[in-house]
Amino acid sequence: YKSSKSYFDAIISDMGRPIDPQAGYTLLECLRARGNKTPYFIYGRSRAPKHIAEARARGAQGTTNAPGELIEMVLASLKAVPRAGPQQR
């Protein structure tokens, strides 16, 4: 991925993978370093306040382990950010 242009309205990532237990943050840091500001949500194992604060400090819009809360966060983000039409992508 070499462009800072966003091709997605939102990104939902898990947190850990066998090689990198912090893979969700690794991906987020890579995107932000390239100027990609696509709303980013982590669907992980924890809703602990310290994990929510860390995710936001790293540039995520939120983190949760509750499917309903995840949908609410993503929908709120989509309503808040004007999106480009298909011809503008």
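Me: How far apart are the end C-alpha atoms of H3?
Reply: At 1.5 Å a residue, the 14 residues of H3 should span 20 Å. The expected span is 1.5 Å times one less than the number of residues, and a helix is a DSSP run of H or I with at least four residues, numbered from the N terminus like the strands (E, at least two). The distance between the end C-alpha atoms agrees with that span: 20 Å.

Me: What pLDDT do side-chain atom pairs need in order to count?
Reply: Residues are numbered from 1 along each chain as its sequence is written, and side-chain values use heavy atoms, with hydrogens and water left out. This is a predicted model, in which totals for chains, interfaces and linings use all residues, local features need pLDDT of at least 70, and side-chain atom pairs count only at pLDDT 80 or more.

Me: Which residues of H3 are buried?
Reply: Buried means under 20% relative accessible area, exposed over 50%, and partly exposed in between, with a 1.4 Å probe and protein chains only. By that cut-off, the buried residues of H3 are Leu-70, Met-73, Val-74 and Ser-77.

Me: What arc do these buried residues cover around the axis of H3?
Reply: An α-helix has 3.6 residues a turn, so residues three or four places apart point the same way. On the other side of H3, Ile-71, Glu-72 and Lys-79 are exposed. The buried residues of H3 are Leu-70, Met-73, Val-74 and Ser-77. They lie on the same side of H3, because the arc, taken from the directions from the helix axis to the C-beta atoms, is only 95°.

Me: Which strands are included in what covers the buried residues of H3?
Reply: H3 lies across three strands and runs at about 180° to S2; axes are lines fitted to C-alpha atoms, for helices over the stretch in contact (heavy atoms within 4.5 Å), and angles run from 0 to 180 degrees between N-to-C directions. The cover of the buried residues includes S1, S2 and S3.

Me: Which strands stand at the edges of the sheet?
Reply: Three strands form an open sheet in the order S1-S2-S3, with parallel pairing; two strands pair if DSSP finds at least two bridges between them. Each edge strand has a single partner, so one side of each is left without a neighbour in the sheet. These are S1 (11–13) and S3 (62–64).

Me: Which residues does Leu-70 touch, not counting those up to four places away in sequence?
Reply: Leu-70 counts as buried because its relative accessibility is 8%. Leu-70 and Ile-12 are 58 residues apart in sequence, yet 8.8 Å apart in space, C-alpha to C-alpha. The residues touched by Leu-70 are Ile-12, Phe-41, Tyr-43 and Thr-64.
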